[in-house]
Amino acid sequence: AAFGSSSSGFTQRMSLPMPTSARRMSGNMVMYDISNDPPSSNGDRTNIWSVLAETESWLSSVLGNADAANPYTRKEVTYLCEPSEDDALVVAGLWRRLRESRELGKSHGELQEQMLKGKDPDQNPNTLRQTQVLVLPYDSHLDDFQTFDAIVAKINKCRRNARDFMMDVNLKTPEDQEKIGERDWSVSVNFAHLHPNFGAKTQEQILQELKEEEEKGVVDVNLESYKEKRLLARRSPYPTVCIEVKATPPPDFDQGGASPAAQRSSSSKEDEITSEDVKKLELLFGKTASFEKETPKKIDDDFYSSIADVKDIVEISFLSPLESAQEWIAAYHESFDIKTSIFTNTKCEHIDEGYEFVFNNIAMKQASMMPITNTAQYLVFENFMSTSSTSFEKFSGEVNDLISLLPSIRDKIEVSVLHPEHVDADNRSPVPVLVMTWK
């Protein structure tokens, strides 16, 4: 997919002064004055302004002349740079960008619904389409295309698999859903990547392709040339991800439907009651009414019966979910050691928030001055898959797979779970807990 180029929102987001004059690189105007580039903490890597300017100039050259025939030039594009050099923090930042894009699309839909109240029902709401180009120049592990490609592919797989998870946010009551808005907008977030060595193959892949070509006996030169040009179009100066969010209103199924007369005739047919319906009702309720007997109530039970008739009884606990988890783990979890254990809690509800929370904790643990070997992190999830142990187990497996792709923490963390509905009675904690043991 191609991506358009426009003035970047990076300067406004960082609240930095806009350069007095934009500079031109290779004939294309960019919105960064690299002559005032601040010094870099890492002398071997380039600076932020230079990275953004080079990336924007490269995208402009790939897209060619910005004329009306190119639909991508009309899109709003924001250029951002991730300054982190740590694998876990980079992955947490990617999940954060995905979360922010989803929240942006959701808030846009809610705002449009509020603006449409009291207006002409035939008025079409505005859709949202925005692209973020996030450059990752400082993590040296991402210079390897195979590593970078595997991380992006795994993140997309985690997002797809999350559709099968039983999330607490999807089990809200109708009263809670009314607070969100009258209509649920369709919010889609696409996640793609670019790389200087995009399409680079391992020795095994090269040998496999040679064997296939030898079996076919014929090589299509035009097809190979097309594939090479397609790869060149995605070879950016630095490892880069492109996040595109699109928010559209739900389809109106009333438009273009049947005529009012047809709708009235169909509704009248639905309201008709036949003799078969009467017979079914007699079979359902006839016997239960004849055999029902009244049982006399004791006077002593009147008080307890009145209590049972009271609705909306809420159980109140003086312990927070974090305190409940701490007490249970200290009493029942065999591997718990108060000297080497850390507790962190979250109220996240969405899957991208969960992954962001996990990898932020890993990054904070790595950045701490304390020794990390033979320690444990207990991550307490208060509103996250609390009714499905199977979903929480699968979530922990996806976390473990992502950890195995990061060179800096590979084979250093063992992931396990505690859950109120765990199949093992010894691991049934009051709330879902993700346990990360550092080896």
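In this predicted model, the loop between α13 and β9 (413-418) contains Asp411. Asp411 has a positive phi, near 65°, although the residue is something other than glycine. For context, most residues other than glycine have a negative phi. Asp411 counts as exposed because its relative accessibility is 64%. A second residue of this kind is Asn374, with a positive phi of about 60° and, again, no glycine at that position. Asn374 belongs to the loop between α12 and β8 (375-381). With a relative accessibility of 60%, above the 50% cut-off, Asn374 is therefore classed as exposed.

Both of these loop residues meet the end segment of the chain. Lys439, in the segment after β10 (433-438), touches Asn374 and Asp411, along with Thr373, Lys412, Ile413 and Glu414, when residues up to four places away in sequence are not counted. Lys439 and Ile413 are 26 residues apart along the chain, yet their C-alpha atoms are separated by 6.0 Å. Lys439 itself counts as exposed, because its relative accessibility is 53%.

Contacts between residues distant in sequence recur throughout the chain, which has 13 helices and 10 strands. Among contacts with a separation of 6 or more, 79% join residues 24 or more positions apart. A further example involves Leu231 of helix α7 (residues 221-232). Its C-alpha atom is 9.6 Å from that of Leu194, a residue 37 positions away in sequence. Beyond the residues up to four places away, Leu231 touches Phe198 and Gly199.

Of the 439 residues of the chain, 35% count as buried. In soluble globular proteins, nonpolar side chains tend to be buried together. Here the largest nonpolar core has 50 residues, and the members touching the most others are Val358, Phe359, Ile362, Phe381 and Phe395. Apart from that core lies another, of 14 residues, including Trp58, Val133, Val135 and Tyr138. Within the largest core, the surroundings of Val358 can be listed in full: leaving aside neighbours within four places in sequence, Val358 is in contact with Leu379, Phe381, Phe395, Val399, Leu434 and Met436.

Several of these core residues reappear where helices pack. Helix α12 (residues 351-367) and helix α13 (residues 389-405) have axes 11 Å apart and pack at an angle of about 50°. This angle makes α12 oblique to α13, and the crossing of the two is right-handed. On the α12 side the contact is made by Ile351, Gly354, Tyr355, Val358, Phe359 and Ile362, and on the α13 side by Phe395, Glu398, Val399, Leu402 and Ile403. Sorted by class, the contact of α12 with α13 has 9 nonpolar, 1 polar and 1 charged residues.

Helix α12 also packs against α3. The axes of α3 and α12 lie 8 Å apart, at an angle of about 150°. Since angles over 145 degrees count as roughly antiparallel, α3 is therefore roughly antiparallel to α12. Their crossing is left-handed. From α3 the contact takes in Ala88, Leu89, Val91, Ala92, Trp95, Arg96, Leu98, Arg99, Arg102 and Glu103, and from α12 Asp352, Glu353, Tyr355, Glu356, Phe359, Asn360, Ile362, Ala363 and Gln366. These residues divide into 10 nonpolar, 2 polar and 7 charged. Tyr355, Phe359 and Ile362 of α12 thus take part in the contact with α13 as well as in the contact with α3.

Helix α3 in turn meets α4. The axes of helix α3 (residues 87-116) and helix α4 (residues 145-161) come within 12 Å and cross at roughly 45°. That angle makes α3 oblique to α4, and α3 passes α4 in a right-handed crossing. The residues in contact are Val91, Leu94, Trp95 and Leu98 of α3 and Ile151, Ile155, Cys158 and Arg159 of α4. By class, the contact of α3 with α4 has 7 nonpolar, no polar and 1 charged residues. Val91, Trp95 and Leu98 of α3 are in the contact with α4 and also in the contact with α12.

How values were computed: Residues are numbered from 1 along each chain as its sequence is written. This is a predicted model: local features need pLDDT of at least 70, side-chain atom pairs count only at pLDDT 80 or more; totals for chains, interfaces and linings use all residues. Side-chain values use heavy atoms; hydrogens and water are left out. Axes are lines fitted to C-alpha atoms, for helices over the stretch in contact, and angles run from 0 to 180 degrees between N-to-C directions. Helices (H or I, at least four residues) and strands (E, at least two) are DSSP runs, numbered from the N terminus. Angles under 35 degrees count as roughly parallel, over 145 as roughly antiparallel, 65 to 115 as roughly perpendicular and the rest as oblique. A crossing is left-handed if the near helix is turned anticlockwise from the far one by less than a right angle, and right-handed if clockwise. Contact means heavy atoms within 4.5 Å. Ala, Val, Leu, Ile, Met, Phe, Trp, Tyr, Cys and Pro count as nonpolar, Asp, Glu, Lys and Arg as charged, and the others, Gly among them, as polar. A nonpolar core is a set of buried Ala, Val, Leu, Ile, Met, Phe, Trp, Tyr and Cys residues joined through side-chain atoms within 4.5 Å. Buried means under 20% relative accessible area, exposed over 50%, partly exposed in between (1.4 Å probe, protein chains only).
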